[in-house]
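Trainee: I am new to this structure and would like to know what stands behind the terms used for it.
Mentor: Then ask about the terms one by one.

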Amino acid sequence: MASPVLTDGKTLCYHCGETCLNTKIHSAEKVFCCEGCKMVFQILNQSELCDYYNLNDNPGINQRIRVRKDKFAFLEDEKIQLQLISFQDEKQVHITFYLPQMHCSSCLYLLENLHRLNPGVASSKVNFTRKEADIVFLKDKTSLREVAETLTSIGYEPYISLNDLKEKRPAIDRSMVYQIGVAGFAFGNIMLMSFPEYLGIDASEKGLLNVFRWANFGLAIPVLLYSALPFYISSWKSLKHKFLNIDAPIALAVIITFIRSAFEVISGTGGGYFDSMTGIVFFMLAGRILQDKTYRQLSFERDYTSYFPIAISVLKDSREIPTALPDIKPGNTLLIHNEELIPADGILTRGKAFIDYSFVTGESLPVLKDMGEIVYAGGKQTEGNIEILVVKEVTQSYLTKLWNRDEFKEQEEINTRSFVHLLSRYFTYILLGIAALTAVYWQLNEPARMWPAITSIFIIACPCALFLSNTFTNGNILRILGRNHLYLRNAQTIEDMGRATHIVFDKTGTLTSSRQQDIVYEGHPLSADQLQQVAALADQSNHPLSKALAHHIGRTRHIEFSRFKEFAGKGIEGETEQESIRLGSSAWVTGNTGHHSGTSVFVRFGDEVYGQFRFSNHYREAIPALINDLRKEYRLSVLSGDNTAEQETLQKLLGKNATLLFHQKPEDKLRYINFLQQQGGKVMMIGDGLNDAGALKQSDIGIAVAEQTNNFTPSSDAIIEAKQLSRLNRFIRLCRANRNIVVASFVMSIVYNVIGLFFAVQGNLSPLIAAILMPSSSLSILLLTFGSSSLIARKLKL
Amino acid sequence: MSVIIILMIASISIAALFLVAFLWGVKSGQFEDDFSPSSRILFDDKPAPTKTV
């Protein structure tokens, strides 16, 4: 199969599917966009792994930017090795690599056939959801570094960050799934064995009846002791903090129901309420699992360590020594290679730094730094190698210090904020009141009926309906929002979102897109032919400005350059048949070293400077409409690290009442949020870069904007895909509806409770009534919550 | 009467068997990754030689 040729004459790279500039790079009748892609194809072809290309069309990862040869030299360091590997003996080593490039079944096929590329690999198993590969290799045949390099050579560069140096991630807690399994098993069987009792078993079959009762008793024990554990633990925790949460009355109800039923069975007076008890536990666990369903592929807990590399080259006596990041001391000289992150604040001592701070500020256009200037940690060098002299340790640098603030030290978090706990507390007090009155009444009139009556009250009137409506509504709303690419950290976030009074936006990367720039040409007009030449030249370079420029002009035809050269930190030069073209910085193209503001690319044809392409931030589409809607109900602010150049535009966009602050450093942003909170505001912060991380954390609800959910986002309460940002107002409305739905179903559950209590206070709640009331109330509440939340979502067109 | 007891034991044991199967399935991570196993089964152990020179 040859490379596909599109109708417009473009050829797609057989490996990665990108448009090829020409058909010069080919192998075995296939055309590639770059040497890198071709190389991967040849490796796979040699090992007979070309099924990779048959499973999916153009499944590869673009290889235009090759990974530096000795990038993984640090994996030979034994200390680092020990931190990364999960198990080893004399022969084998087990390691799990995170491979973010994984995206299709071809990837799966290739990665699980790794042993054919590197015979030292004993086995490799992929977990696609987590994008991880568990690899076992033989120590005497290959090394950790070689395995990482094999993966890199076929386009799956393992992502190893400083975060991997920390303690191992805890295993996923599946205990609640086990618990619901046990509860479901017991519930089903007890229901079945309660039928004879409800259907009126013949009095002559007394022995059989007893067998059924004791079997139910036995089946209910694991539910009491194991399945209901989460409720005991949670209520115990909250009681320790002198707080009555919703789990406390539930745990009480479960225990009382069991004791009462056990008493009945042992004394031979009745069958007990085992079916109701196990059913409640089962439904409530189901609600809780639905609500706690997490997005495992996303991480809300990222700090700077997930962004930073694990090791970096330190120069010592002009030799490169890979050093683990925590071992870097002030005074060391670091060699930062092209496309590497600067891990510590330092002074630039050699080379021209062209630093992309998009991780930090959301601004994607690189910043030029000259020798002797300070460079801050978190930036990515984009052109050529540089050397920096470290002035601060990694943990002490400007950015990382933000995370080490005392306010952010995790405390044992106990969820006391939800209004559901408040409701359940009133409910519990009223319940205790009714129980006390009933007790007094029967004590005076017929003492024998006092205990049956009291226990019945607790059995029938636990706030499980409230619990169910809350968890199921939350679960459904989380699901609806997730479908719309807004991922919340947990259910509490729904409520917090509905309660926000103040919305704070970051500008760069949030209101504006980091993917797109507005480009305006100023100067001597260019002919269409010249424009095409500029586009063709820019297309040759990987520099973000060139890419943006090429995209902006839109190349329509192919132009051959007889010569092409890229000058790091300066620009690019190409020669066509007629003349030479230069694109690049003012100093390089015009020879004019004077200072000018903003980002521009200058153009020169031959010896004549034509003009410049000015780059400015591009506001996301539909942002004005969103702001217009939000400003009616919320106080809005915009925090920007930039200068005041766009103040007017923004003020027009946000209205007179909005606060606009410029020149904001990360701490300033955090302080501003704090200031709003002290005034009693509930603050929703929406940001994207690491410089917003402090503010996101400080705010009541921090939403991180991501161009792609696979990308890294600062730790936050929610992650939203950039394209969905324009629908934020509707998401907030849905979250607000959450509360109304819960209250409505709570009212409904009160009706059921009153019916149940009517029987209970008289002391004649039969197991049959309990068995009918319990599932019917649960089911109708589930229908109400699911139905109404889905209906509201549909109304909001979500 | 004793027949019912035997039936009861049989039904509970079968249900218990399913419970154990479920717990084992969860524990061995069968519900973790719903993409790879379904694709993996479609790969041939030894793919036909696709080498093109």
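Mentor: The turns that follow go from the whole chain to domains, helices, sheets, cores and the contact with the second chain.

Trainee: What kind of model is this, and how are its parts numbered?
Mentor: It is a predicted model, in which local features need pLDDT of at least 70 and side-chain atom pairs count only at pLDDT 80 or more, while totals for chains, interfaces and linings use all residues. Residues are numbered from 1 along each chain as its sequence is written, and chains are lettered from A and ligands numbered from 1 in the order in which they are written.

Trainee: How many helices and strands does chain A have, and what makes a run of residues one or the other?
Mentor: A helix is a DSSP run of H or I with at least four residues, a strand is a run of E with at least two, and both are numbered from the N terminus. Chain A has 25 helices and 30 strands. The C-alpha trace of chain A spans about 110 × 70 × 60 Å along its principal axes.

Trainee: Into which domains is chain A divided, and where do the bounds come from?
Mentor: The bounds come from an automatic or database domain assignment. Chain A has domain 1 (1-66), domain 2 (74-160), domain 3 (309-342 + 345-391) and domain 4 (479-512 + 620-735). Between the C-alpha centres of domain 1 and domain 4 of chain A there are 41 Å.

Trainee: What makes a residue of chain A buried?
Mentor: A residue is buried if 20 or more other C-beta atoms lie within 10 Å of its own, exposed if 12 or fewer, and partly exposed in between, with C-beta atoms placed from the backbone. In chain A, 42% of the 798 residues are buried.

Trainee: How do you know that the length of α1(A) agrees with what a helix should span?
Mentor: The expected span is 1.5 Å times one less than the number of residues. Helix α1 of chain A (residues 35-46) has 12 residues and should span 16 Å; its end C-alpha atoms are 16 Å apart, so the two agree. For helix α24 of chain A (residues 728-761), with 34 residues, the reach from first to last C-alpha is 49 Å, close to the 50 Å expected.

Trainee: What comes after each of these helices, and what does α1(A) pack against?
Mentor: A:Glu48 follows α1(A) with a positive phi near 55°, and A:Gly763, just after α24(A), has a positive phi of about 80°. The buried residues of α1(A) include A:Val40, A:Phe41 and A:Leu44. Contact here is judged by C-beta atoms, placed from the backbone, that lie within 7 Å. The buried residues of α1(A) pack against β3 (26-27), β4 (30-31) and α2 of chain A.

Trainee: Why are β10 and β15 of chain A placed at the edges of their sheet?
Mentor: Two strands pair if DSSP finds at least two bridges between them. The open sheet has 6 strands in the order β10-β9-β11-β17-β12-β15 (chain A), with antiparallel pairing. β10 (319-324) and β15 (374-375) of chain A each have a single partner strand, so one side of each is without a neighbour in the sheet. Within it, β12 (residues 346-350) and β17 (residues 386-390) of chain A pair antiparallel over 4 bridges, and A:Gly346 stands opposite A:Val390.

Trainee: How do you know that β13(A) pairs with β14(A) and with β16(A)?
Mentor: β13(A) has 3 bridges to β14(A) and 2 bridges to β16(A), and at least two are required. These strands form an open antiparallel sheet in the order β14-β13-β16 (chain A). The partner of A:Ile355 is A:Val367 in β14(A) and A:Gln381 in β16(A).

Trainee: What makes a set of residues a nonpolar core?
Mentor: Its members are buried Ala, Val, Leu, Ile, Met, Phe, Trp, Tyr and Cys residues joined through C-beta atoms within 7 Å. The largest core has 179 residues, among which A:Ile250, A:Val254, A:Val281 and A:Ile457 touch the most other members. α24(A) gives this core its largest share, 11 residues.

Trainee: How many residues does each chain give to the contact?
Mentor: Chain A gives 25 residues and chain B gives 23 residues. On the side of chain A that touches chain B, α6(A) gives the most, with 7 residues.

Note on methods. Contact = placed C-beta atoms within 7 Å.
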